[in-house]
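Colleague: I've just opened this one and I'm new to it. Could you walk me through it?

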Amino acid sequence: MKQHFEKQLDEMVLADVQARPYTGCFTVENLKHYPTHLYKYRDCNKPHNFTMIEEGYLWADIPANFYDPFDSLVNHKLRSELPSIQKWLYLRLGKILYYCIPPKGMQAHKKGQTLQAYIDAQNKFTDSTGRYNAKKARKVMIVETKKMHPINQREIQKVYDKFESPEFEQKMQDSIRDIFMKVVNTLRDRILVCCLTWRNDNQKMWEEYADKYAGFVIEYDLSKATSHAGAANVLARTFPVTYYKRLPKVPMLPFIERAFNRDLYGKETDVFDAAKKLYKQLLIKKEEYRSEEEWRILAGAQRIEFPVISAVYMGYKIKAEHAQKLMEICAQGGILLYKQEFNPFTGTMHFNLVQGKECCNAT
């Protein structure tokens, strides 16, 4: 099961990284990895919740609009990564200098390769612990630039002084923060998510998402999905949520490297592994949410055509006018309709069929 969803996520992320549409392939054989049904808890206060049944669709939204403000927040390790990020940037200082100096200033020494020795000597920028050492870097820079014309030396010194200035340090931190926020916003403000669960008798879900038992639950029969091309594509985007005591972290350096190479060289950098860890933030939650037993669709559009509704379950507190409306909708769509009841002696929940084929046959 895990391998199936890992492969499915790989294909989605690869399509996104390569900026091409994702067209997942779903077969009857794949159904063994899914529950038989998925459920959506709804209240009766919004008209579109009834329309979802009539027209057979689901609705996705960006995580930034979810009730939980922490949903899909990127669990990063930026603070612990800062030394390695700083080292990565400074180890490329020679290349930055090379591109900052006008070409005419480069031609005075070794046919435009003035800073090649400087670039080759970058391993001397770090101390025994592997941290960037400004004094060593300055010493290397002075030795290598002595071979150059005084005018070129001064030009390099200006650029280098910028890198050593508090202003540049702040600018570097601001740039890292900007890249980080772009990564976070990509996840929370761009990718659409639809949340479901595999149980229709979850008391917490009835309380929180079905208006304290005054709402209803829509049942989706996944076995019907293979007969609908659109529904099969939806399942190719559907994943179980994994719950952790300590959430996995996303490295920021690959995204910083991609931004650096794109801006400076116009080249793309492979960020597949980091992008996959980023996507997984949409599919993980803290341990305390385990009771929701959630599944998520990473959608390509807000409206998800999913015409595989098999039943609707009304809460025991549902108002008469809402129950009547559901009876009319379900009768027209040939959908089974149940009413929730509780057994006070056993403390269990069950559902009685109040309308549908089986009920009519029994009558």
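**A first look around**

Modeller: Sure, and let's start with the whole chain: of its 363 residues, 46% count as buried. Keep in mind that this is a predicted model.

Colleague: How many helices and strands are there in the chain?

Modeller: Let's put the surface beside that. The accessible surface of the chain comes to about 19900 Å², and carbon and sulfur atoms hold 52% of it. As for the elements you asked about, the chain has 15 helices and 12 strands.

Colleague: Among contacts between residues at least 6 apart in sequence, what share joins residues at least 24 apart?

Modeller: Leucine 196 and tryptophan 295 give you one example of distant partners: they are 99 residues apart along the chain, yet their C-alpha atoms are separated by 5.1 Å. For the chain, the share of those contacts that joins residues at least 24 apart is 78%.

Colleague: Now the helices. How is helix 1 oriented relative to helix 13?

Modeller: Helix 1 covers residues 2–17 and helix 13 covers residues 272–280; their axes come within 10 Å and cross at roughly 115°. Angles of 65 to 115 degrees fall in one class, so helix 1 is roughly perpendicular to helix 13.

Colleague: Which classes of residue make up the contact of helix 1 with helix 13?

Modeller: On the helix 1 side you'll find Leu9, Met12 and Val13, among others, and they meet a helix 13 group including Phe272, Ala275 and Tyr279. Charged residues take part too, among them Glu6 in helix 1 and Lys276 in helix 13. By class, the contact has 8 nonpolar, no polar and 5 charged residues.

Colleague: Are helix 2 and helix 14 roughly parallel or roughly perpendicular?

Modeller: Helix 2 (residues 47–55) packs with helix 14 (residues 320–333) at an angle of about 15°, with the axes 10 Å apart. Angles under 35 degrees set the class here, so the two helices are roughly parallel.

Colleague: And what does helix 2 meet in helix 14?

Modeller: Helix 2 passes helix 14 in a right-handed crossing. The contact divides into 4 nonpolar, 1 polar and 2 charged residues. From helix 2 come Phe50, Ile53 and Glu54, and the helix 14 residues they meet are His322, Lys325, Leu326 and Ile329.

Colleague: Back to leucine 196: is it buried or exposed?

Modeller: Leucine 196 sits in strand 3, residues 192–197. Beyond its neighbours up to four places away in sequence, it touches several residues, including Leu38, Leu58, Tyr220 and Trp295. Buried means under 20% relative accessible area, so with 2% leucine 196 counts as buried.

Colleague: What is the phi of tyrosine 213?

Modeller: Most residues other than glycine have a negative phi. Tyrosine 213 lies in the loop between helix 10 and strand 4, and at 8% relative accessibility it counts as buried. Though not a glycine, tyrosine 213 has a positive phi of about 75°.

Colleague: Where is glutamate 293 found?

Modeller: Glutamate 293 also has a positive phi, near 45°, and it is one of the residues that leucine 196 touches. You'll find glutamate 293 in the loop between strand 7 and strand 8.

Colleague: Last one: how far apart are the C-alpha atoms of glycine 356 and cysteine 330?

Modeller: Glycine 356 belongs to the loop between strand 12 and helix 15, and at 14% relative accessibility it counts as buried. Glycine 356 and cysteine 330 are 26 residues apart along the chain, and their C-alpha atoms are separated by 8.0 Å.

Technical notes: Residues are numbered from 1 along each chain as its sequence is written. This is a predicted model: local features need pLDDT of at least 70, side-chain atom pairs count only at pLDDT 80 or more; totals for chains, interfaces and linings use all residues. Side-chain values use heavy atoms; hydrogens and water are left out. Helices (H or I, at least four residues) and strands (E, at least two) are DSSP runs, numbered from the N terminus. Buried means under 20% relative accessible area, exposed over 50%, partly exposed in between (1.4 Å probe, protein chains only). Contact means heavy atoms within 4.5 Å. Accessible areas come from the Shrake-Rupley method with a 1.4 Å probe; for residues, only the protein chains shown count as cover. Axes are lines fitted to C-alpha atoms, for helices over the stretch in contact, and angles run from 0 to 180 degrees between N-to-C directions. Angles under 35 degrees count as roughly parallel, over 145 as roughly antiparallel, 65 to 115 as roughly perpendicular and the rest as oblique. Ala, Val, Leu, Ile, Met, Phe, Trp, Tyr, Cys and Pro count as nonpolar, Asp, Glu, Lys and Arg as charged, and the others, Gly among them, as polar. A crossing is left-handed if the near helix is turned anticlockwise from the far one by less than a right angle, and right-handed if clockwise.
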